[in-house]
Structure formats: C-alpha cells, structure tokens
Amino acid sequence: MLPNVLEVARRLIIERVSAGETVIDATMGNGNDTLFLARLVGESGHVIAYDIQPEAMAKTKARLEREGVLDRVEMRLASHVEMGQLDLEAGAIMFNLGYLPGGNKEITTQAATTIQAIEAGLERLRPGGIMTIVVYWGHPAGQIEKEAVEKYCTELDQTSFLVLKYQYVNQQNQAPFLLAIERRK
Ligand SMILES: C[S@@+](CC[C@H](N)C(=O)[O-])C[C@H]1O[C@@H](n2cnc3c(N)ncnc32)[C@H](O)[C@@H]1O
C-alpha cells in the first residue's frame, strides 16, 4: 500500500539525518514523533521537543522513560515560537499540527504562531536538512491554519528551499497532508 503522510515524513527524515545530530519536535503531543527522533539520532544525538500542554509533556516523558531514551531529549513546556531563541543548527524539524489526540480539542496549533515557528525553524535548519509539517484541517482553527501554512510555504524562495506536498486527493473529509521543506543552501 502507498505510505500515509506520517510514514512519508519519517522516511524523508531518515534519509537525511545522521546519528549524533540535533533535531526538533515542534509539537510533542503523545510523543510518537519525539520517540522516533530520539531513536534516530541515537545516544550521542539531541532532541528538543515543545508542547504547551503539561498533559502532553507528561505522556511523552513517561513514554521516553519506558523506551530508555529520555537522556537525549530536552522537553520544553513552551510554545514552539521559542525556537526563535535557539542558537543551533538542526538536521530535521517535525510539526504535527492540530490538537492532542485524546485531549482537549479546543487547544490546537494556531495559524499565526505556527507561521512564526516555521519561520524560526527554517532559519535554524542546516543545508540538506528537512522540516516536515503534517496538516490536519478538519477542525475550524485548522482550516485557517491550512490556508496560512500553504501560502507561506508556496512563497518560499525556490533557490533556498524545495517544498513538497503529499496528499491523497480522492479521500473524503479533508484528508491530512504533508508539507516537506528541504533547505538547499
Ligand atoms: C497533533 S498533536 C501532536 C502529535 C505528536 N506529534 C505525536 O506524535 O503524538 C499537536 C500538539 O501541538 C500542541 N501545541 C499546540 N499549540 C502549540 C504551540 N504553540 N507550541 C507547541 N505545541 C503546541 C498541542 O498541545 C498538541 O499536543
């Protein structure tokens, strides 16, 4: 079967990130992507992970502890906008937009702050590095966010960034899609 958006995001990252690198999970949630990144960069690597909800952070922490990879993850109970304060180069940055699955559906990523964080993240992406953004837009804030994120990505300078969109176009109900941005130089 063709891979889903999350699988494609991971494949693109696996092809580009090496053990020992620094990577960022911009939306920790239940920790699936944080765990994936922590395993990928290995013991000598470093993952910085953001979420604004204590519930997400607690779930992710417990998961990473169980899997024995907590040592390489720096969890921040803060907005991903704070990426703008980081002084580093990242090999990959993952965004998984929307609300916490199983959590409060009113607390979701929002267009304005998502764009700010994407911008800050792209400034910290190393050449050859990749940002993946999975867009869920079946909820009201998601519709607005989708428009803003697509517009921002479409307008990125093609000499600096390659932007890919991956989506099943014959699915009912606002199929989620992936935007992947590779830094060229
Ligand atoms: C779809 S979930 C992420 C799922 C996660 N990647 C996983 O693997 O389980 C989106 C998450 O973004 C978080 N979020 C919302 N606004 C945020 C912000 N400004 N900064 C960081 N995280 C935010 C939500 O609390 C929620 O947990």
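Helix axes are here lines fitted to C-alpha atoms over the stretch in contact, and the angle between two of them runs from 0 to 180 degrees between N-to-C directions. With that in hand, a helix pair in this predicted model can be described. The axes of α2 (32–41) and α3 (residues 54–67) come within 9 Å and cross at roughly 35°. The crossing of α2 past α3 is right-handed. On the α2 side, T34, L35 and A38 make the contact, and they meet T60, R63, L64 and E67 of α3. Sorted by class, this contact is built from three nonpolar, two polar and two charged residues.

Helix α2 also takes part in the surroundings of the ligand. Both α2 and β2 (46–51) supply at least two residues each to the shell around the ligand. That shell holds 21 residues, of which T27, G29, N30, N32 and N96 come nearest to the ligand. As for its chemical make-up, 13 residues of the shell are polar, six are nonpolar and two are charged.

Stepping back to the whole chain, the protein contains five helices and seven strands. Along the sequence these elements follow the pattern α-β-α-β-α-β-β-α-β-α-β-β. Contacts between residues at least 6 apart in sequence often span a long stretch of chain, since 74% of them join residues at least 24 apart. The overall dimensions can be checked against a simple expectation: for 185 residues, a compact globule would have a radius of gyration near 16 Å, and the 15 Å of the protein agrees with this. Taken along the principal axes, the C-alpha atoms fill a box of roughly 40 × 40 × 40 Å. Of the 185 residues, 38% count as buried.

Finally, the loop between β6 (161–166) and β7 (177–183) deserves a look at its backbone, beginning with N173, which lies in this loop. N173 is not a glycine, yet it has a positive phi of about 60°. Its neighbour in the numbering, Q174, is likewise placed in the loop between β6 and β7. Q174, also a residue other than glycine, has a positive phi near 40°. How exposed is each of these two residues? N173 has 6 other C-beta atoms within 10 Å, and because a residue with 12 or fewer counts as exposed, N173 falls in the exposed class. Q174 has 14 C-beta neighbours inside 10 Å and therefore counts as partly exposed, the class between the exposed limit of 12 and the buried limit of 20.

How values were computed:
Residues numbered from 1 in each chain as written. Predicted model: local features only at pLDDT ≥ 70, side-chain atom pairs only at ≥ 80, totals over all residues. Near = placed C-beta within 6 Å. Helix = DSSP H or I, 4+ residues; strand = E, 2+ residues; numbered from the N terminus. Nonpolar A, V, L, I, M, F, W, Y, C, P; charged D, E, K, R; others polar. Left-handed = near helix turned anticlockwise from the far one by under 90°. Contact = placed C-beta atoms within 7 Å. Rg over C-alpha atoms; globule rule 2.2 N^0.38 Å.
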